[in-house]
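Reader: I've just opened this one and would like some help finding my way around. Could we go through it step by step?

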Amino acid sequence: MIINTGMRTDIPAFYSEWLCNRLKEGYVCTRNPYNQKQITKYSLNPDVVDVIAFCTKNPAPMLPHMDLLKAYGQYWFVTITPYGKEIEPNVPPKEQVVQSFVELSKIVGADSMGWRFDPIFLNETYTIERHLHDFEQIAKSLAGSTHTCVISFIDLYEKVKRNFPEVQTVPRQERLFLGEEMVKIAAKFDMTVRPCAEGNDLERFGADCSGCMTLSTFETAIHGRLNAPKKKSQRAECACMLGNDVGQYDTCGHFCRYCYANTSAAAVRQNRSRHDPKSPLLVGRLRPEDVVHEAKQSKWRDEQLSLFDWKHV
């Protein structure tokens with residue numbers, strides 16, 4: 001099965017000690033965001049966990065602990081954008097994140113790394129020209145460390161509109177122009193652009209519109225086949241194999257203006273004050289009224305295929 005750590009928060013950046021403790025103890029608990037009394041307990045035994053997926057803006061805190069992840073297949077999405085502190089207040093400098101990306105790629109391999117350049121929005125500072133210039137500079141720095149770049153244009157979720165009221169969607173013509181140019185730039189550095197939930201508009205320019213975190217993404221990372229059950233995505237336009245997320249909303253300390261996972265800075269601060277690195281839960285501890293059920297887990301990897309049977313998808 002696949003364990004996902006990054007759809008609700010940034011665990012490597014802010015909760016690496018907690019994750020290391022969970023890996024050592026061999027299990028993790030997560031609270032249902034829609035039913036606070038319902039707890040799911042996941043085994044982290046490599047016998048039933050084929051891949052752990054990460055989405056982060058700062059993988060550096062996990063780099064000293066990569067030995068704990070050796071037994072697992074891994075896929076890392078690392079977001080590096082052109083935005084400054086006025087948009088991403090607590091994200092480290094881009095140069096530092098690039099350096100961590102390259103170092104991480106040397107450990108897990110380029111097939112297990114994806115660069116995210118999203119969400120894209122336009123204003124007086126972050127113009128089309130600025131995006132393309134910074135995109136090329138970052139792509140050049142990451143050349144050889146990944147073959148994948150995911151792009152998406154900003155979606156105005158309710159949380160985004162509340163926390164970033166002045167932001168606007170990117171008009172279709174600008175999306176097409178940016179997408180076409182980014183495909184060309186990425187190709188120069190042996191990268192394929194994968195639009196995230198953007199339909200098939202960029203396919204004509206050479207983008208791979210099959211999805212950004214698909215089953216084939218994980219199969220390429222582990223160089224093997226996964227007999228995964230069919231699972232519907234959360235959104236009709238999304239083809240991703242999201243796995244089982246062990247994070248919690250309202251816990252990410254980056255405070256990015258465009259974040260869909262945080263309700264408010266106050267909610268994040270309150271939750272982070274309740275974080276205990278030794279707890280099986282990311283926030284708080286198990287309560288008497290909680291109902292804990294163990295997830296049904298099984299290994300998906302097809303062990304009968306040899307290395308010679310495998311080819312990249």
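Author: Sure, let's begin with accessibility: a residue is buried under 20% relative accessible area, exposed over 50%, and partly exposed in between (1.4 Å probe, protein chains only). Keep in mind that this is a predicted model, where local features need pLDDT of at least 70, side-chain atom pairs count only at pLDDT 80 or more, and totals for chains, interfaces and linings use all residues. Residues are numbered from 1 along each chain as its sequence is written, and side-chain values use heavy atoms, with hydrogens and water left out.

Reader: How many salt bridges does the structure hold?

Author: A salt bridge is a side-chain nitrogen of Lys or Arg within 4 Å of a carboxyl oxygen of Asp or Glu. The structure has 19 of them.

Reader: Let's take Glu180. Which residue does Glu180 form a salt bridge with?

Author: Its partner is Lys184, with the closest N and O atoms 3.9 Å apart. For the setting you need one more term: helices (H or I, at least four residues) and strands (E, at least two) are DSSP runs, numbered from the N terminus. Glu180 and Lys184 sit in helix α6 (residues 172-188), and because they are 4 residues apart there, about one helical turn separates them.

Reader: Is Glu180 buried or exposed?

Author: In between: Glu180 has 25% relative accessibility, so it counts as partly exposed. Lys184 is partly exposed too, at 47%.

Reader: And what about Lys161 and Glu158?

Author: Those two also form a salt bridge, with 2.9 Å between the closest N and O atoms. Both belong to helix α5 (residues 158-163), 3 residues apart, or about one turn of the helix. Lys161 is partly exposed at 38%, while Glu158 is exposed at 54%.

Reader: Where do Arg31 and Asp290 lie?

Author: Their side chains meet in a salt bridge (2.9 Å, N to O). This pair links distant parts of the chain, 259 residues apart: Arg31 is in strand β2 (residues 27-32), and Asp290 is in the loop between α8 (265-273) and β10 (291-294). Arg31 is buried at 9% relative accessible area, and Asp290 is buried at 11%.

Reader: Which strands does β3 pair with?

Author: Two strands pair if DSSP finds at least two bridges between them. β2 and β3 (residues 35-43) run antiparallel, joined by 6 bridges, and they form a hairpin with 2 residues between them. β3 and β10 run parallel, with 4 bridges. Follow Lys41 in β3: it is the bridge partner of Cys29, and in β10 the partner of Lys41 is Glu294.
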